[in-house]
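Suppose a learner and a teacher sit down together with a protein model and wish to read it feature by feature. Where should such a reading begin?

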Amino acid sequence: MTSTSRRAYGVKGAPYAHPSPTTTLKRERSAPYFFLLPATLLFLLFFALPIGYAVWLSFHKVKVSGLGLGSGARKEVWAGLENYADALSDSELVGGALRVLGYGCIVVPVMLGLALLFALMLDSDKVRLAPFTRLAIFLPYAIPGVVAALLWGFLYLPDVSPFYYVLERLGLPQPDLLDGGPLYLALSNIAVWGGTGFNMIVIYTSLQAIPAEVYEAAKLDGATPLQIALRIKIPMVAPSLVLTFFFSIIATLQVFNEPTTLKPLTNSVSTTWSPLMKVYQDAFGKGDIYAAAAQATIIALATLLLSFGFLRAANRRNRRDVSKGGAR
């Protein structure tokens, strides 16, 4: 005799087994971790693990015994802080850092100033063809850095540049932009041309988020467009300016593509012109990956400290402004 209390699986009307509240709560709590697992694995494999390996290499060196021949003649030994001491006393690394500092003093103010100016112009009611203009300003950012450096390098060469041909026809002086002091301007021009569009989009997006009622109230009070830009728009997009300045500082400290691409075109750019070029030369030119790892670690720490210090100063100023506003 068949029992009616049990039914075959899949039969219509079969009772469903509902999970207990405890099981449901555990599933809800563990669900976010499953979504984060792929990103966490990628972060560990391609970011944290290489950094850890570079730091490990920076504390080691190769010890050569005898003539360096044979299977046991070259051994990897603990070096402590020796590689870091050598890096900090390396005149080429220090010289590259000073060159990048001068390069950054040109790039960052000019690029952010143009980005802010273009964003304010596009946010104006009187501008025409705003979508086309916005795309034209942003388009250089979509061009790879190596391609942009090759393009401008072609325009900098006196023998093939159309600009030098026009200057020669007009009887005007033809400066050599790939030699001496003008080299900084040539390299800075490539970075400004390629990075202004991205920063402009960030600032312009912040301007679009400002409520229209703020502008209407200012116009009713008799504020001119210039006063609105200086006293309303720029202060309200200050967080975006801080963000773009932060990104620009990091990009400046990591400059590599532009001088490396222009190096075959001029003798003024050495293989150690920037700190990252020095790291690349030591690692792949000289084969000293241990010294290169120490230098890369120092550059990373310097970038981290500068970024952290700048963000902390910016946050402190924002809190001070908020407290003053509350006091009023």
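The dialogue below takes up the chain, its cores, its aromatic rings, its strands and a few single residues.

Q: What kind of model is this, and how many helices and strands are there in the chain?
A: It is good to settle the origin of a model before reading its details, and this one is a predicted model. The chain holds 13 helices and two strands.

Q: How many residues does the chain have, and what percentage of them count as buried?
A: Burial is judged from relative accessible area, and a residue counts as buried when that value is under 20%. The chain has 328 residues, of which 30% count as buried.

Q: How should I read contacts between parts of the chain that are apart in sequence?
A: One way is to set aside short separations and then ask how far along the chain the partners lie. Among contacts between residues at least 6 apart in sequence, 63% join residues at least 24 apart.

Q: Which residues touch the most other members in the largest nonpolar core?
A: A nonpolar core is a set of buried nonpolar residues joined through their side chains. Here the largest one has 21 residues, and those touching the most other members are Tyr103, Val107, Tyr156, Leu183, Leu187, Ile190 and Trp273. Two or more residues of this core come from each of H3, helix H5 (145-156) and helix H7 (182-208), with H7 giving the largest share, six residues. Ile190 can be followed further, for, not counting residues up to four places away in sequence, Ile190 touches Ala148, Ala149, Trp152, Tyr156, Glu258 and Leu262. There is also a second, separate core of 16 residues, and Ile203, Tyr204, Ile232 and Val237 are among them.

Q: How many aromatic pairs are there in the whole structure?
A: To read such a pair, one looks at the distance between the ring centres and at the angle between the planes. A search of the whole structure finds 13 aromatic pairs. One of them joins Tyr103 and Trp273, whose rings are edge-to-face, with 6.3 Å from centre to centre and 85 degrees between the planes. This pair links distant parts of the chain, since Tyr103 lies in helix H3 (residues 91-122) and Trp273 in the loop between helix H11 (257-262) and helix H12 (275-285), 170 residues apart. Tyr103 and Trp273 are both buried.

Q: How does the pair of Phe138 and Tyr141 sit in the chain?
A: Phe138 and Tyr141 form a tilted pair, 5.6 Å centre to centre with 45 degrees between the planes. Both residues belong to helix H4 (residues 130-142), where they are three residues apart, about one turn of the helix. Phe138 counts as partly exposed because its relative accessibility is 28%, and Tyr141 counts as partly exposed because its relative accessibility is 40%.

Q: What else can be found around the aromatic rings, such as that of Tyr215?
A: Rings may also join into groups or have a charged side chain over them. Phe59, Trp78 and Tyr84 are linked into a cluster by ring pairs, while Lys233 lies over the face of Tyr215, at 5.2 Å from the ring centre.

Q: How many bridges join strand E1 to E2, and which way do the strands run?
A: Five bridges join strand E1 (residues 60-64) to E2, and the two strands run antiparallel. Within this pairing, Val62 has Glu76 in E2 as its bridge partner. Strand E2 (residues 74-78) lies largely in the open, because the number of its five residues that are buried is zero.

Q: Is Thr266 buried or exposed?
A: Thr266 counts as buried because its relative accessibility is 12%. Its place is in the loop between H11 and H12, and the side chain of Thr266 reaches the backbone nitrogen of Ser268 at 3.1 Å.

Q: Which residues is Ile106 in contact with, leaving aside its neighbours within four places in sequence?
A: Ile106, which is placed in helix H3, is in contact with Tyr184, Leu185 and Ser188 once those neighbours are left aside. Ile106 counts as partly exposed because its relative accessible area is 27%. Ile106 and Ala191 are 85 residues apart in sequence, yet their C-alpha atoms are 10.0 Å apart in space.

Note on methods: Residues numbered from 1 in each chain as written. Predicted model: local features only at pLDDT ≥ 70, side-chain atom pairs only at ≥ 80, totals over all residues. Heavy atoms only, no water. Phe/Tyr/Trp six-rings, centres within 6.5 Å; stacked < 30°, edge-to-face > 60°. Helix = DSSP H or I, 4+ residues; strand = E, 2+ residues; numbered from the N terminus. Buried < 20%, exposed > 50% of the residue type's maximum accessible area, 1.4 Å probe, protein only. Lys NZ or Arg CZ within 6 Å of the ring centre and 35° of its normal. Core = buried A, V, L, I, M, F, W, Y, C linked by side-chain atoms within 4.5 Å. Contact = heavy atoms within 4.5 Å. Pairing = 2+ DSSP bridges. Polar contact = N/O pair within 3.5 Å; in protein donor to acceptor, adjacent residues only side chain to side chain.
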